[in-house]
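Reader: Could you take me through one part of this model close up? I'd like to look at a buried lysine, and then at how the rest fits around that spot.

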Amino acid sequence: MASPDAAPPELATATAFRAVLTRDLTLAFRHRGDMANPLIFFVMVATLVPLGVTPESGQLALLAPGMIWVMALLASLLSAETLFLADHRDGSLEQLALSPQPLWLLVLAKIIVHWLVTGLPLTLLSPLLGVMLSLPQAGFGPLVVSLLLGTAALSMIGAIGAALTVAIPRGGLLLSLIVMPLYMPVLIFGASAVQLAVDGISPSGALAILGALLAFSCLISPFATAGALRVSLHG
Amino acid sequence: MARTRPLLPEWFHRLGSPKGFYQMTSSWMPWLAVTAAVLLLVGTVWGLGFAPQDAKQGNSFRIIYIHVPAAFLALAGYYVMAAAGAIGLVWKMKLAHMVMKAAAPLGAALTLISLVTGSLWGKPTWGTYWVWDARITSMLVLFFLYLGVIALHYAYTNGEAASKASAVLALVGTANIPIIYKSVDWWYTLHQPATIKLTQAPSMHPDMFYPLLVMIAGFYCFYALVLLLNTRSEILHRERRTRWVLDMAEGGRS
């Protein structure tokens, strides 16, 4: 990393941001198996729905918008636990917290990478699930757009929970407990955007609110996450 | 606490120290207890025994005298908890963390009471115990938020980290409560089932309304009483090794 003393502070901050970004991306691509897990989970749960409910395509089409969204939410929730866990174990989280750059900015970089390796693939995979659950044609576009915005918001919110539970042994279940209520608005507007489109109504209102939720979570989450990390690290 | 603030009166600083708070509130307790008991007793007898029957719902509407005050305080309690958490985080006030810890189970219990009474009320009114109505769903989410704060608090073994972490969570929850409420509202208008008609709370007859007011006031006093009791026992627990607690325990009186 560039020595922070030599460079002017803004430059050093930007460098640190980029360093965290590339480091996390590299790490993620060296553990491609971990990256694939949420996706496999996503597809497998989609297989459970016809098995558990009905393979009849008319009824599946009714369930599809909500089910795909619930499954994407759960997949994102499962992956949120790993956001800080490895860094906490090997001590690099402590190093990040000690660095002269603002922690929220470095945290933001980590969240962005987390979205790039979980939320974005989930979004790209979602049309396949739409086909599997016989989602009506009109729903595909809004499904992708709503998941694109929504999974980013989920990553932002999940990061707060991950930071709060990172120091707790077996914190995964607790993480889902504390984060799920906060996920609910995203789910409501995400699923209804798709549902509205299927019903032939313009989903732009729901999508706009989803965008607003994303903007709001971008505003709050990095700071809350950084604060929570400091609590987790220093007690 | 690091710097003196001449703006604030001396009693405020006394409130900020656990010892001062404990001693100051000792004299409040009997008053609060008596007021809460009288208000709750009067409200219950008046509401259950003397308020007129509802034209449509008969006697079953009387559960409102428990349901509405509990729901009021379940919501207000979350803000009490979050405000205490914020004060604890910003001013590093130990007492605020204790109030927050005391407020969480109390609020969760009130939320549960309002959910249970609501569902019992739903059976004779709507013919079912559970309806995915916007208000019921929001209360359920509120209950989950409380449970999250409590669970997070108990998961930490280090007391101070537990306080701070649950304070952060309570604050994040506060920012989300209006959003959750609005979105649940919106969701409900989108999915509103046509079969169930909610009885809109119309302008209540004064004979029904005054006992409700008394009950709400009684619940507020009761809430304050239990919050203080919880906080005081938390103070004693955390300060159990200090001189003043030991003195009090040996002396047998405060």
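Author: Here is a walk that starts at one lysine and then moves out to the two chains.

First, the ground rules: this is a predicted model, where local features need pLDDT of at least 70, side-chain atom pairs count only at pLDDT 80 or more, and totals for chains, interfaces and linings use all residues. Residues are numbered from 1 along each chain as its sequence is written, chains are lettered from A and ligands numbered from 1 in the order in which they are written, and side-chain values use heavy atoms, with hydrogens and water left out.

Let's go straight to Lys110(A), which sits in helix 6 of chain A, residues 103–132. (Helices are DSSP runs of H or I with at least four residues, strands are runs of E with at least two, and both are numbered from the N terminus.) Lys110(A) is buried, with just 2% relative accessible area. Here buried means under 20% relative accessible area, exposed means over 50%, and partly exposed is in between, with a 1.4 Å probe and protein chains only. What does the side chain of Lys110(A) make a polar contact with? Its partner is the side chain of Asp24(A), at 2.9 Å. A polar contact, by the way, is a pair of N or O atoms within 3.5 Å; within protein, one must be able to donate a hydrogen and the other to accept it, and residues adjacent in sequence count only if both atoms are side-chain atoms.

Who else is around? Setting aside neighbours within four places in sequence, Lys110(A) is in contact with Asp24(A), Asp87(A), Arg23(A), Val20(A), Leu83(A), Phe84(A) and Leu96(A). Contact here means heavy atoms within 4.5 Å.

Now follow the chain past the end of that helix. The loop between helix 6 and helix 7 of chain A holds Ser134(A), and this loop is also where you find Leu135(A), with helix 7 covering 140–165. Ser134(A) has a phi near 45°, a positive value in a residue other than glycine. Most residues other than glycine have a negative phi. Ser134(A) is partly exposed, at 24% relative accessible area, while Leu135(A) is buried, at 6%. Beyond four places in sequence, Leu135(A) is in contact with Ala64(A), Pro65(A), Gly130(A), Phe140(A), Leu143(A), Val194(A) and Val198(A). For a sense of distance, Leu135(A) and Gly205(A) are 70 residues apart along the chain, and their C-alpha atoms are separated by 21 Å.

Stepping back to chain A as a whole, you have nine helices and zero strands. The radius of gyration of chain A is 19 Å, close to the 18 Å that the globule rule gives for 235 residues, so chain A is as compact as a globular protein of that length. (That radius is taken over C-alpha atoms, and the rule is 2.2 Å times the number of residues to the power 0.38.) The C-alpha trace of chain A spans about 65 × 35 × 30 Å along its principal axes. Of its 235 residues, 52% count as buried. Among contacts in chain A with a separation of 6 or more, 81% are between residues 24 or more positions apart.

Chain B also deserves a look. Its secondary structure comes to nine helices and zero strands, and 46% of its 254 residues count as buried. In chain B, residues 24 or more positions apart account for 77% of the contacts with a separation of 6 or more.

Here too there's a loop residue with a positive phi: Lys92(B), near 50°. Lys92(B) lies between helix 4 (64–91) and helix 5 (94–126) of chain B, and counts as exposed at 59% relative accessibility. Further on, in helix 5 itself, comes Ser119(B). Ser119(B) is buried, with 17% relative accessible area, and beyond four places in sequence is in contact with Thr128(B) and Tyr129(B).

One more serine to finish: Ser233(B), in helix 8 of chain B, residues 206–238. Ser233(B) is partly exposed, at 43% relative accessibility, and its side chain reaches the backbone oxygen of Asn230(B) at 3.0 Å. Ser233(B) and Met24(B) are 209 residues apart in sequence, yet 14 Å apart in space, C-alpha to C-alpha.
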